[in-house]
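Here is a report on one protein model. It covers burial, charge pairs, aromatic pairs, the nonpolar core and a surface patch.

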Amino acid sequence: MTAPTAQGNAARQPSLWRNRDFFTLWGGQAVSTLGAQTSGTAMPLLVLATTGSPSDAGIVGAAGTLPYLVAHLPAGALVDRWDRRRILLTSELCAGLALSTVAVAIWLGRVTVAHLAVVAFVQGLCFVFFGLAERAALPRIVPAALLPTATAHNEARSRGAALAGPPLGGMLFGIGRAVPFLADALSYVIASVGLLFIRSDLQDRTATPAEPLWRATAEGLRWVWRHPLIRAAVFLIAAGNLVFQALVLILVVLAQHHGATSTTIGTMLGVYSGGGLIGALAAGTFHHRFAPRTVIVGVNWIWAALLPLFALASNPLLIGAVGAACAFVGPLWNVVIISHTTVLVPNELLGRVTSAAMTLAWGVMPIASLGAGYLLTALGPVGSIWVLAAVMLVVAVAATASPAVRHAPRLPLGTDADRTTP
């Protein structure tokens with residue numbers, strides 16, 4: 001007797017919030033994501049308080065993002081062959097243990113940059129494995145018809161944590177340097193306990209022949225390349241990430257150019273993140289009202305129209321308002337792309353395909369950060385924004401001209417028979 005699929009349970013789970021397993025997973029991750037944002041804010045503050053060196057803070061930050069570049073491809077293949085429930089639980093526990101060692105080092109007075117870099121790397125590595133396993137397990141928990149709504153709720157979870165985490169991290173760090181790291185470690189423990197109560201079978205039981213890890217990894221890249229819509233979406237996302245990753249640093253310098261204090265800059269970035277949170281909440285309602293091609297093309301044109309406004313903004317709060325408008329439409333784009341990937345990709349390949357796509361899409365972020373520094377040095381903040389606006393215009397034209405985007409189908413939501421493969 002086979003385990004019932006999420007699609008087979010759709011009739012009994014018409015409401016996403018009546019889905020006990022999804023609610024348990026979402027709630028636990030809301031806590032741990034907030035904890036990660038809290039410690040992520042405190043980590044550079046700790047480095048600066050310990051060594052006084054911004055370059056040391058940069059080293060620790062780079063260590064935290066390094067797994068996004070080097071681990072996504074092999075992690076995707078491993079997620080498809082290992083037990084997903086065990087991956088989720090192990091990732092949370094390892095991240096929590098790593099963060100707890102920071103508090104111990106603070107109490108012992110033995111904080112070092114090398115130790116913090118290792119902790120940041122471990123936390124980033126756990127994030128990669130957990131994110132891929134969660135994405136692959138979601139269709140086993142949520143009916144296909146509710147996948148876009150579930151994705152929108154996950155977007156809201158991340159955006160909300162990004163809004164609340166930084167001020168909370170700063171406040172806890174002011175209470176005691178070890179406090180935000182203890183809070184994050186506790187958040188991982190809470191999320192781990194929640195995982196124990198998920199009853200769904202998270203594994204795809206399709207029999208696949210054993211193959212070398214490198215071949216399994218390459219299969220994800222091949223799938224992305226062979227599927228025109230997913231391929232186009234990955235390159236568009238990479239281009240968007242290039243622009244917006246560079247934009248963050250440029251906006252901070254632009255606000256300083258207008259005389260903003262650090263408190264004002266924090267408020268500006270909070271307003272920016274608030275737009276993303278509102279957009280994530282709205283995406284769950286509005287995603288089905290627009291054709292996928294309308295979202296993919298339209299969002300890029302909205303960004304192309306909004307970016308020049310940053311150069312014309314006269315104060316930080318206005319900059320934040322323009323950023324909020326950019327962030328508002330981002331979740332709708334994410335819901336459409338993630339939902340298409342989740343539904344179109346065979347579940348036994350989902351970990352590998354997702355890891356391949358994320359490696360390509362996120363691999364531009366270090367380049368964007370370096371590029372922002374060079375642009376600011378050569379052109380200043382206003383000139384840098386005009387360069388990014390020109391890049392975004394090219395991206396919008398490319399999205400409009402893409403045949404795969406123009407003919408993007410609506411999601412085949414329904415039974416397993418509705419799923420398509422390339």
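## Buried positions in the helices

A136 is buried, with a relative accessible area of 0%. Buried means under 20% relative accessible area, exposed means over 50%, and partly exposed lies in between, with a 1.4 Å probe and protein chains only. A136 sits in helix α5. Helices are DSSP runs of H or I with at least four residues, strands are runs of E with at least two, and both are numbered from the N terminus. The C-alpha atoms of A136 and V79 are 8.0 Å apart in space, while the two residues are 57 apart in sequence.

This is a predicted model: local features need pLDDT of at least 70, side-chain atom pairs count only at pLDDT 80 or more, and totals for chains, interfaces and linings use all residues. Residues are numbered from 1 along each chain as its sequence is written, and side-chain values use heavy atoms, with hydrogens and water left out.

V119 is also found in helix α5. V119 is buried, at 3% relative accessible area. Its C-alpha atom is 8.2 Å from that of A95, and the two residues are 24 apart along the chain.

## Salt bridges

How many salt bridges are there? The count comes to 2. The rule asks for a side-chain nitrogen of Lys or Arg within 4 Å of a carboxyl oxygen of Asp or Glu. Side chains of opposite charge can pair when their charged atoms come close.

One bridge joins R157 and E134, with the closest N and O atoms 3.2 Å apart. R157 lies in helix α6 (residues 147-175) and E134 in helix α5, so the pair ties together parts that are 23 residues apart in sequence. Both R157 and E134 are buried. For R157 the relative accessibility is 9%. R157 also lies 9.3 Å from L281, C-alpha to C-alpha, with their positions 124 residues apart in sequence.

R20 and D21 form a salt bridge too, at 3.8 Å from N to O. Here burial is split. R20 is partly exposed, with a relative accessible area of 37%. D21 counts as buried, at 6% relative accessibility.

## Aromatic pairs

The whole structure holds 3 aromatic pairs. Rings of Phe, Tyr and Trp (its six-membered ring) pair if their centres lie within 6.5 Å; planes under 30 degrees apart count as stacked, over 60 as edge-to-face and the rest as tilted. One of the pairs is W82 with F129, which is stacked: 6.5 Å centre to centre and 10° between the planes. W82 lies in the loop between α3 (72-81) and α4 (84-108), and F129 in helix α5 (residues 113-141), so the pair ties together parts that are 47 residues apart in sequence. W82 is partly exposed, with a relative accessible area of 43%. F129 is buried, at 17%.

W225 and F235 form an edge-to-face pair, 6.4 Å centre to centre with 80° between the planes. W225 lies in helix α8 and F235 in helix α9 (residues 228-257), so parts 10 residues apart in sequence are tied together. W225 counts as exposed, at 55% relative accessibility. F235 is partly exposed, at 48% relative accessible area. The ring of W225 has a further partner. The charged end of R231 sits over this ring, 5.0 Å from its centre. That label needs NZ of Lys or CZ of Arg within 6 Å of the ring centre and within 35 degrees of the ring normal.

## The largest nonpolar core

The largest nonpolar core has 54 residues. Such a core is a set of buried Ala, Val, Leu, Ile, Met, Phe, Trp, Tyr and Cys residues joined through side-chain atoms within 4.5 Å. The residues with the most contacts inside it are F244, L251, W303, L307, F310, W333 and M392.

Which helices supply at least two residues each? They are α9, α10 (262-286), α11 (292-312), α12 (316-344), α14 (365-401) and α15 (403-406). Helix α9 gives the largest share, 14 residues.

## A nonpolar surface patch

V31, L186, V189, I190, V193, L196 and F197 make a nonpolar surface patch of about 620 Å². Patches are made of residues with over 30% relative accessible area and no salt bridge; like charges are joined within 9 Å, and nonpolar side chains (Val, Leu, Ile, Met, Phe, Trp, Tyr) within 5 Å. Accessible areas come from the Shrake-Rupley method with a 1.4 Å probe, and for residues only the protein chains shown count as cover.

Helix α7 (residues 179-195) provides the largest share of the patch, 4 residues. L196 lies in the loop between α7 and α8 (213-226). L196 counts as exposed, at 60% relative accessibility.
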